[in-house]
Amino acid sequence: MTTSSLFFDVEEIRKDFPILNRKVNGQPLVYFDNAATSQKPQQVIDAIVNYYQNYNANIHRGVHALSQEATESYENARKTLQKHFNAPKVEDIILTSGTTHAINLVASGYTKFLKTGDEIIVSALEHHSNIVPWQMLCERTGSTLKVIPMAQDGTLKFSAFTQLLNDNTKLVFVNHVSNTLGTINPIKKMIDATHRYGAKILIDGAQACSHVKVDVQALDVDYYVTSAHKMCGPTGVGLLYGKTKLLETLPPYQGGGEMISEVTFEKTTYADLPHKFEAGTPNICGGIAFGAAVDYLNHIGLDEIAAYENDLLIYATEQLIKIEGLRIYGPTQDKTAVISFNVENIHPYDLGVLLDKMGIAVRTGQHCTQPIMDFYSIPGTVRASFAFYNTKTEIDLFVTAVKKAVMMLA
Amino acid sequence: MTIQDIQHDIVDEFALFDDWMQRYEYMIELGKSLPLIDPASKTDDLLIKGCQSKVWMKADLVDDKIVFTADSEAIITKGIIAILIRVFSNQRPDSILSANTSFIDQIGLKEHLSPTRANGLASMLNQMKYYALAYQSKLSS
């Protein structure tokens with residue numbers, strides 16, 4: 001459907017990922033659990049090793065050379081992220097330990113702003129990490145949680161969303177892409193609708209950023225959060241983008257070093273953005289490697305990645321639906337390269353175990369989205385999620401393995 | 001038969017298989033042959049936590065021995081349960097508590113003991129030992 005393969009040399013790209021050479025259970029690894037975490041290219045691994053081998057030091061406070069090099073490298077990574085997400089200011093990028101941390105940072109801050117009668121809206125497609133912090137916020141403030149329902153095809157009911165919005169709505173939370181189904185939500189429309197009621201919106205981009213170019217200014221989004229490790233970066237680091245004026249009024253999440261301006265026992269004043277939200281020694285190496293990962297993705301090109309992954313998605317879908325009794329959950333269009341499926345009368349766990357024996361890594365279970373499983377009345381699904389370093393040959397191996405497993409289990 | 005004797009038999013049976021496929025096909029067969037718990041008895045208090053597929057386990061004291069019954073949504077998990085039941089059901093609580101479980105390693109199922117597998121072989125074993133402990137203290141009181 002695209003001409004991406006003409007420009008996109010997957011065999012060359014695969015050379016960047018040393019882990020793809022290994023075997024699992026005696027079989028060449030087929031890694032289709034990219035929605036859980038992506039693999040890391042040598043360029044990112046090198047950035048990590050280089051930091052610890054050559055300029056490991058604490059940042060922002062040392063006068064010595066190593067500290068200055070580390071600070072510069074860390075802050076350059078922040079600039080890379082600012083540019084990548086097109087944030088107006090570099091201090092709008094808060095480095096966190098990941099998406100969950102970023103969500104909790106905002107949820108915690110809103111304790112101060114919400115009261116009984118206020119309403120918070122989440123979607124039925126959310127990961128538990130984007131449900132539980134808001135439930136806790138509601139418990140703390142007496143606000144009410146409303147849920148945007150989903151349709152059979154795994155999309156959100158947009159008209160139901162607009163009906164939920166009212167003058168009491170203070171916050172809306174929705175993921176950019178569903179981790180379980182791959183649904184790409186119409187976030188621009190949702191952001192605009194939210195703003196018509198003067199409410200704020202946080203978009204969880206954990207599943208989107210390795211597939212979609214995100215421009216926070218074009219979106220006019222209030223808060224956008226994501227994790228590095230799904231974008232070829234390391235675990236334990238992520239970001240919160242927030243509009244400057246919102247971040248300035250949001251109270252600090254954790255107290256500690258780095259985040260203060262003046263400290264006396266009578267009163268402490270907080271540091272300016274972004275340091276107000278970055279208490280303690282940050283994940284310095286992680287931040288630097290996050291920058292390297294974004295550089296790597298941009299070197300390949302997110303548009304090229306999206307087109308190639310879509311080819312893989314279409315190819316895999318066509319092969320899989322030929323298997324008798326196999327049902328794919330989620331939309332047929334506007335989705336990332338994620339296939340969540342079950343085979344009739346077979347528990348997803350059984351399928352996952354046998355695929356693993358054949359060297360194929362997929363995720364099975366509820367994918368931290370119990371409400372979606374309840375909606376479909378299923379115990380879980382098998383989720384295969386593709387990345388730009390996967391190939392059609394691997395999909396063939398996967399489809400053959402699914403058929404073999406189904407035969408064994410039937 | 002003692003727990004140890006049964007474990008020996010199982011290790012001998014598994015030694016006949018050439019590869020993982022035969023092992024898993026056998027477990028799938030065992031899973032299919034495991035008597036079901038009727039749906040009405042599958043109450044939440046019998047659920048074992050820590051399994052990716054739901055596992056229900058019941059333990060009854062018959063004379064001085066524990067009789068285990070269990071069921072699961074997943075067939076491979078049922079196969080594993082069937083093996084555990086064969087080893088530990090109809091045994092005295094003290095024998096269950098003192099039994100070693102190295103046979104799991106010997107039959108190539110050690111990977112299922114890893115907590116990351118979340119399939120609950122470890123949880124099932126623990127649950128059996130909890131029941132044994134509970135019945136042992138009941139018997140001795």
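Of the 410 residues of chain A, 58% count as buried. This is a predicted model, so please read every value below as computed from it. Chain A holds 15 helices and 17 strands, and its radius of gyration of 22 Å is close to the 22 Å that the globule rule gives for 410 residues, so chain A is as compact as a globular protein of that length. A good place to start looking is the seven-stranded open sheet, with strands in the order β4-β10-β9-β8-β7-β5-β6.

**Overall build of chain A**

- Taken along the principal axes, the C-alpha atoms of chain A fill a box of roughly 70 × 55 × 35 Å.
- Chain A exposes about 16700 Å², and carbon and sulfur atoms supply 51% of that area.
- Among contacts between residues at least 6 apart in the sequence of chain A, 72% join residues at least 24 apart.

**Two domains**

- The domain assignment splits chain A into domain 1, made of 4-31 + 302-409, and domain 2, covering 45-299.
- Between the C-alpha centres of domain 1 and domain 2 of chain A, the distance is 29 Å.
- Where the two domains of chain A meet, 30 residues of domain 1 are in contact with 30 residues of domain 2.

**The open sheet**

- The pairing in this sheet of 7 strands of chain A is mixed.
- At the edges stand β4 (93-96) and β6 (144-148) of chain A; each has a single partner strand, so one side of each is left without a neighbour in the sheet.
- On average, neighbouring strands of this sheet are turned by 20° against each other, direction ignored.

**Strand β7 and its partners**

- Strand β7 of chain A is mostly covered, with 6 of its 7 residues buried.
- In the parallel sense, β7 (residues 169-175) pairs with β5 (residues 119-123) of chain A over 4 bridges.
- Two residue pairs let you find this pairing by eye: A:Ile120 stands opposite A:Leu171 in β7(A), and A:Glu119 has A:Thr169 of β7(A) as its bridge partner.
- β7(A) also pairs with β8(A), again in the parallel sense, over 5 bridges.
- In that pairing, look for A:Val174, which stands opposite A:Ile203 in β8(A).

**Helix α5 across the sheet**

- Helix α5 (residues 99-109) of chain A lies across β4, β8 (200-204), β9 (223-227) and β10 (238-242) of chain A.
- With respect to β9(A), helix α5 of chain A runs at about 155°.
- Of the 11 residues of α5(A), 8 are buried, so "mostly covered" is a fair description under the cut-off of 20% relative accessible area.
- The buried residues of α5(A) are A:Thr99, A:His101, A:Ala102, A:Ile103, A:Leu105, A:Val106, A:Ala107 and A:Gly109.
- The cover over these buried residues of α5(A) includes β4, α6 (132-141), β8, β9 and β10 of chain A.

**A buried histidine in helix α4**

- A:His84 has its place in helix α4 (residues 65-85) of chain A.
- With a relative accessible area of 3%, A:His84 is buried.
- Leaving aside its neighbours within four places in sequence, A:His84 is in contact with A:Lys213, A:Val214, A:Met231, A:Val294, A:Asn298 and A:Leu302.

**Backbone spots worth a look**

- The peptide bond from A:Leu273 to A:Pro274 is cis, with omega near 0°.
- You will find A:Pro274 in the loop between β12 (268-270) and α11 (284-300) of chain A.
- A:Cys368 is not a glycine, yet its phi is positive, at about 60°.
- The loop that holds A:Cys368 runs between β16 (363-365) and α14 (370-376) of chain A.
- A:Cys368 counts as partly exposed, because its relative accessibility is 30%.
- In chain B, B:Asp63 likewise has a positive phi, of about 55°, although it is not a glycine.
- B:Asp63 sits in the loop between β1 (55-62) and β2 (65-72) of chain B.
- At 71% relative accessibility, B:Asp63 counts as exposed.

How values were computed:
Residues numbered from 1 in each chain as written. Chains lettered and ligands numbered in written order. Predicted model: local features only at pLDDT ≥ 70, side-chain atom pairs only at ≥ 80, totals over all residues. Heavy atoms only, no water. Pairing = 2+ DSSP bridges. Axes fitted to C-alpha atoms, helices over the stretch in contact; angles between N-to-C directions. Contact = heavy atoms within 4.5 Å. Rg over C-alpha atoms; globule rule 2.2 N^0.38 Å. Buried < 20%, exposed > 50% of the residue type's maximum accessible area, 1.4 Å probe, protein only. Areas by Shrake-Rupley, 256 points an atom, 1.4 Å probe, with all protein chains shown as cover. Domains from an automatic or database assignment.
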